[in-house]
Amino acid sequence: MNKKPIFTVKDISKSFKKAEQQELLVLDKVNFQLYEDEIVALLGKSGSGKSTLLRIISGLSNPSSGTVTYREQIVNGPVQGMAMVFQNFALLPWLTVLENVELGLEALRVPRDERRTRALKAIDIIGLDGFESAYPKELSGGMRQRVGFARALVINPDVLLMDEPFSALDVLTADNLKSDLLDLWEAKQTGTRGILFVTHNIEEAVLLANRVIVFDSDPGSIRAELTIDLPYPRTEQNPEFRKYVDQIYSLITRQMDERKKLLLKEQLPRITDIGYRLPDADISELTGLLETLDQVEYQGHVSLPELTESLHLDVDDLFPLTEVLDILGFAHVNNGELILTAAGKLFANADILERKKIFAAHLLRYVPLAKHIRQVLEERRTTGQRASRERFLNELEDYLSEKEAERVLRTVIDWGRYAELFAYANNTGMLSLENPN
Amino acid sequence: MSTFYNRFSFRNSFKILPNGWDLIAFIFVLGMLAAFVWAGKQMSAPYQIGQTLALSLDPHQLPKYALFTVLRLFTAMAFSLLFTFTVGTLAAKNKRAASIIIPCIDILQSVPVIGLLSITIVGFIALFHGSRLGPEAAAIFAVFTAQVWNITLSFYQSLRSIPTELKEAADMFHLSAWQRFWRLDVPFSMPGLLWNMMMSMSGSWIFLIASESISVNNQTIVLPGVGSYLGLAISQASISGVIYTILTMFIVILLYDQLLFRPLLNWSKKFTFEQVSQEYVSRSWINILLEQTYILKYLGRFFGKLGDAIVNISFSKDIKKKVLTKKTSLNKSMGMIWYTSITLMVSISLWLLLHFILIHLSSHEIVHVFFLGFITALRIITIILIASIVWIPIGVFIGLNRRIAEWVQPIAQFLAAFPANVLFPVVVILILRYHLNIEIWSTPLLLLGTQWYILFNIIAGTAALPEDLKEASSNFGVKGWQWWRRLILPGIFPHWITGTITAIGGGWNMTILTEVISWGSTTLTATGLGAYIAKSTDAGDFPRVALGMAMMSLFVLVMNHLVWRPLYNLAQSRYRLD
């Protein structure tokens with residue numbers, strides 16, 4: 001088959017400046033193409049650079065190196081022919097639905113009367129009839145995103161780019177909007193030849209896309225590509241559908257396993273470094289997950305897809321938790337399965353105070369940053385065992401970007417406070433060994 | 001009220017014929033237009049320097065004077081908006097421009113620029129030679145300098161806080177800079193813009209006397225207006241004149257508040273960015289009137305089309321493509337050159353200023369002026385403390401009672417416009433009769449210009465306290481001092497700080513009016529920087545004016561950096577409710 005590419009992404013890299021000399025690489029040599037008549041999903045964890053890639057393709061932001069070619073022309077600014085649907089809708093609250101939809105046509109210098117006719121037709125197609133004169137704040141989230149779609153489709157774009165378009169909506173609304181979008185696509189009612197969308201939801205990717213591109217993070221790069229060969233409409237109950245979902249899950253967990261192997265070969269920062277990028281995980285979520293694992297129905301092990309389904313979690317929410325449990329030695333991930341360790345079982349069955357003790361012990365043993373902070377504080381007996389947050393932040397910034405350093409420190413302070421390893425006063429920014437009062 | 005609205009709900013049944021409301025609106029609009037055209041003609045009549053313009057204390061003249069004053073205020077407002085839209089936009093879009101513009105505006109808004117205006121007057125008179133427009137333009141410029149700064153700052157800050165997604169959407173849909181300005185920038189900043197315009201209108205009444213009497217070549221041109229009327233009343237010790245002024249001001253402020261600002265505020269509600277719908281929208285009678293009329297509705301549609309055409313004016317045939325540029329080292333070195341030249345320019349002008357002052361004045365005097373600044377600062381801070389102690393309980397009480405807040409707000413707004421001068425007779429008579437100390441008893445006049453900002457912000461802060469916090473405290477039986485200390489005071493702290501910062505800016509400005517008080521032939525002078533500047537301005541003594549202003553700027557800058565900025569940051573980080 002001779003497919004015609006709509007745009008070609010070639011060797012795109014993007015880095016942000018963090019400190020004076022250091023650069024943080026967010027995208028590393030990304031290559032792919034969007035062909036005519038296909039829907040492609042960019043799937044990855046948040047912070048993996050997929051939204052950045054979308055903005056580079058659309059011409060909203062510049063790559064550090066590499067090129068995007070759209071229909072034989074190089075993209076160096078927003079080009080005509082591409083339209084974007086935004087995560088938080090990006091509607092102008094002072095314009096009515098009709099005026100919002102007309103916005104793109106106005107910019108294209110379409111005369112007033114034609115503008116109105118075309119906008120009304122788009123509103124009609126997207127199912128917003130009767131809401132023309134409403135203001136966005138009168139609409140529900142789902143209806144607002146419909147306006148977002150109508151605004152994008154009315155200019156008859158060649159490509160539709162969507163930045164997590166359903167993530168701000170509740171499940172039912174999102175499903176409804178997805179199936180309407182697919183109907184439009186199938187019926188070829190618009191001139192749109194290709195759709196590229198960003199998501200962190202595996203089911204969503206399999207439901208909509210012809211092709212799923214799995215994104216790896218740190219730095220963002222393409223890990224794998226998967227063609228979804230299922231007719232529309234697809235249902236989540238279909239065994240074929242489940243097979244694709246499981247396949248993607250194991251792709252992603254294999255990615256984690258390989259990462260661990262790399263760790264052992266010391267090719268990535270080791271967990272034993274204080275600069276290890278601790279994932280964000282809330283204590284109560286960790287505890288909840290361990291308790292769930294220990295329940296009778298799971299007997300200490302469960303497959304990840306099953307877990308996400310029963311807990312209604314996104315991959316984005318789940319993976320940081322499993323990673324932390326892994327680091328702390330409470331559970332292991334093996335072949336897409338999460339397995340409780342003996343220590344994890346002990347923790348799950350302990351009472352509040354014992355849990356704190358176990359957590360503290362594991363924190364000191366497995367998380368060098370926590371141990372480091374404790375040691376520094378203990379060494380400062382003469383100065384009242386206090387140290388400023390800035391001190392550790394500066395240290396972390398040798399390894400991480402400023403934002404990441406803040407996040408990691410916030411996470412470890414949170415854990416340390418729970419484990420009662422150290423105290424922290426937010427208004428002074430001081431860490432100390434003393435308990436409040 | 002609802003029955004009043006309901007009576008007109010059948011309006012859809014006749015659509016063609018103009019109705020009674022049309023007649024009222026029509027007469028009203030025509031009358032306004034005619035009055036302003038007449039006043040405009042008067043203000044551009046031929047005029048030679050030396051000629052005195054008729055001004056009398058006859059109250060029958062007041063409507064005419066009010067018309068002149070209002071025309072000046074609104075012309076100045078139009079120029080303020082023009083300045084805001086150009087300079088504010090430039091500052092928001094260009095970092096380098098912002099690095100000069102914003103600090104300048106910051107200083108200009110807290111020093112009484114009116115003192116320096118006499119320099120510009122000669123220019124205006126030369127520009128409109130042989131016409132009254134010359135002095136009129138100078139007066140309008142004076143009002144402009146009292147109005148513009150906070151409007152521009154608010155616009156700049158709004159532009160900087162436009163959410164990224166909206167900006168990206170504008171780029172993605174290829175809006176031209178012009179379309180983007182009218183579709184995104186202006187609507188987004190509308191609520192703040194309007195609020196600051198209202199504040200500025202109040203602020204410009206305070207300096208009315210100063211702006212309507214202009215000194216040039218050692219003679220004073222007095223332009224007819226409410227401010228000059230008040231000035232005349234004060235110099236002739238006419239109590240009835242002062243009362244007439246208050247009455248006129250009351251009517252004028254009421255009129256433009258009802259005819260202009262209420263409807264605008266109502267209309268601006270659709271520009272608030274919060275994506276929640278409001279369950280209760282209060283409407284102003286003028287909006288209702290406008291909705292009843294057909295001619296005006298037709299005009300409205302016409303203006304809608306016109307506005308649409310303006311927004312979509314195209315300056316070139318093809319759609320301009322925005323091209324992203326990469327940061328190059330050339331770009332970087334340009335930046336270096338820019339900042340070095342600014343630093344150089346600032347140092348040179350500082351040096352020139354110092355040189356200018358030192359040639360004419362002794363270093364002893366500089367020390368003395370520093371001491372005066374200290375006294376004035378003390379006065380302002382005392383007044384802020386007193387105002388806070390008085391207004392926090394009252395403001396909290398009002399803020400907790402929504403219904404009271406609704407009618408207190410307009411009254412406070414009227415009081416905020418009150419020029420301190422109208423209280424001169426009271427203060428002078430009291431001080432003379434009871435042999436009071438002028439240094440202390442002139443200070444309460446400062447309250448007039450400052451307390452309202454504190455009150456407004458405390459009312460707003462209390463009203464904004466989440467209902468569940470109030471409920472939780474009453475549920476746990478938190479009462480008395482604990483209720484104040486644990487809930488109210490921390491809750492309103494950010495708003496109190498904002499109010500205080502505004503009040504202090506206004507306070508420094510006010511001191512040139514309140515440290516020298518006159519009534520008839522009596523003039524009482526307090527010790528302070530304000531009096532120093534006021535006297536030097538009257539005497540046309542430029543080195544001393546320059547020294548006074550420089551000292552005031554210094555005090556403002558140092559206090560901002562050492563006291564108010566840290567407190568503001570604390571309020572934003574620790575006491576913010578969200």
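This is a short chat about a helix pair and some backbone oddities in a predicted model.

User: Let's start with helices α8 and α10 of chain A. At what angle do their axes cross?
Analyst: Roughly 80°, and the axes come within 10 Å. Here α8(A) covers residues 283–293 and α10(A) covers residues 315–328.

User: So what do you call that arrangement, parallel or perpendicular?
Analyst: Roughly perpendicular, because the crossing angle falls in the 65 to 115 degree range.

User: Which residues meet there?
Analyst: From α8(A) you have E285(A), L286(A), L289(A) and L290(A). On the α10(A) side they meet L318(A), L321(A), V324(A) and L325(A).

User: And how do those divide into nonpolar, polar and charged?
Analyst: Seven are nonpolar, one is charged and none is polar.

User: OK, switching to the backbone. Which peptide bond is cis?
Analyst: The one from Y232(A) to P233(A) is cis, with omega near -10°. P233(A) sits in the loop between β10 (221–227) and α7 (239–264) of chain A.

User: Why point that out?
Analyst: Because most peptide bonds are trans.

User: What about phi at F89(A)?
Analyst: Phi is positive there, about 75°, although F89(A) is not a glycine. You'll find F89(A) in the loop between β6 (82–85) and α2 (97–107) of chain A.

User: Is that side buried or exposed, I mean F89(A)?
Analyst: F89(A) counts as buried because its relative accessible area is 10%, and the cut-off is under 20%.

User: And E420(A), what's its phi?
Analyst: Near 55°, again a positive value in a residue other than glycine. E420(A) lies in the loop between α15 (402–418) and β15 (423–425) of chain A.

Key. Residues numbered from 1 in each chain as written. Chains lettered and ligands numbered in written order. Predicted model: local features only at pLDDT ≥ 70, side-chain atom pairs only at ≥ 80, totals over all residues. Heavy atoms only, no water. Axes fitted to C-alpha atoms, helices over the stretch in contact; angles between N-to-C directions. Helix = DSSP H or I, 4+ residues; strand = E, 2+ residues; numbered from the N terminus. Parallel < 35°, antiparallel > 145°, perpendicular 65-115°, else oblique. Contact = heavy atoms within 4.5 Å. Nonpolar A, V, L, I, M, F, W, Y, C, P; charged D, E, K, R; others polar. Buried < 20%, exposed > 50% of the residue type's maximum accessible area, 1.4 Å probe, protein only.
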